[in-house]
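Please find below a colleague's note on the structure shown here. The points are numbered for ease of reply.

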Amino acid sequence: MLIPLAVALMLGSKGWFGRFLGFGSAGLGCVAMIMTYSRASWLGLAFAAGIFVLLWNRKIIPAAIFVVCVAIPFLPETVFNRILSIFNFSDSSTSSRFPLYAAAGEFLTMRPILGAGLGADAVRRTVQLQSLYQGRAPFVHAHNTFLQIWLETGLLGLGSFIASLIWAAKATARSIKTCPDPVARHMAIGGL
């Protein structure tokens, strides 16, 4: 989540030291992303990079797409295979989500408005007491932020969370358009 901010610092810094620190921080974050093998994080970072380029300089979108396409063959084979496993439903990481989502769906038919209460433990206990989960590994959380918030806080909490995200995005987008300071503008883009 800090990689876009590190890139913003790198682009907005006036001196080489700040650029070096931003580049190093973004690089360390990218190395950590590769080492986690988290496909959702990779997709999230790709989406964030697309939004960043769109807000920062739309003219380089074709070049950015070209760089991404050229870089794909240079990915380590393990990373490339992990990305391809997104569509492999026999992959244990992917297939283990279906019982989680089924339990969450059953839970939401029981308590859609108010949820279980704050904390993943409240959801876990309720799912366990109602025998909703049929997976092998223990149910810890829903593996989806929006679904987990719905499970914990119900529709009222989920609606509030989505509304706050939309409000923050609109306020940030407005400040990006009007911000005269390039460093603050870059940071706003990175934050968004």
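The points that follow concern a predicted model and treat its pockets, its nonpolar cores and one residue in turn.

1. The largest pocket holds about 1300 Å³ of space. Its lining comprises 34 residues, of which C30, L45, A46, A49 and V68 are the closest to the pocket centre.

2. As to where that lining comes from, five helices each supply at least two residues: α1 (3-12), α2 (16-36), α3 (39-56), α4 (61-71) and α5 (77-84). Helix α3 gives the most, with 11 residues.

3. The chemical character of the lining of the largest pocket deserves attention when probes or ligands are considered. By class, 31 of the lining residues are nonpolar, two are polar and one is charged.

4. The second largest pocket has about 1100 Å³ of space. It is lined by 25 residues, and those closest to its centre are M1, G44, F47, A48 and L192.

5. Helices α1, α3, α9 (145-178) and α10 (182-191) each contribute at least two residues to the lining of the second largest pocket. The largest share again belongs to α3, here with eight residues. Helix α3 is thus the leading contributor to the lining of the largest pocket and to that of the second largest pocket.

6. The lining of the second largest pocket consists of 18 nonpolar and seven polar residues, with no charged residue among them. In the largest pocket, by contrast, one lining residue is charged.

7. Turning to packing, the largest nonpolar core has 15 residues, and F107, V127, F139 and L151 touch the most other members. The elements that give two or more residues to this core are α7 (97-110), α8 (120-129) and α9. Helix α7 provides the largest share, five residues.

8. Which residues does F107 contact, leaving aside its neighbours within four places in sequence? They are G115, A116, T126, V127, L132 and L151. Two of these, V127 and L151, are also named with F107 as core members that touch the most others.

9. Apart from the largest core lies another core, of six residues, which include A6, A26, W42 and V79.

10. Is I162, a residue of helix α9, buried or exposed? The answer lies between the two: I162 is partly exposed, because its relative accessible area of 34% falls between the 20% limit for buried and the 50% limit for exposed residues. The C-alpha atoms of I162 and L21 are separated by 33 Å, and the two residues are 141 residues apart along the chain.

Definitions and conventions: Residues numbered from 1 in each chain as written. Predicted model: local features only at pLDDT ≥ 70, side-chain atom pairs only at ≥ 80, totals over all residues. Heavy atoms only, no water. 1 Å grid on protein atoms, 1.4 Å probe; cavity = no way out; pocket = protein on both sides within 12 Å on 5 of 7 lines; lining within 4 Å. Points joined across faces, edges and corners; volume = space filled by probe spheres on them. Helix = DSSP H or I, 4+ residues; strand = E, 2+ residues; numbered from the N terminus. Nonpolar A, V, L, I, M, F, W, Y, C, P; charged D, E, K, R; others polar. Buried < 20%, exposed > 50% of the residue type's maximum accessible area, 1.4 Å probe, protein only. Core = buried A, V, L, I, M, F, W, Y, C linked by side-chain atoms within 4.5 Å. Contact = heavy atoms within 4.5 Å.
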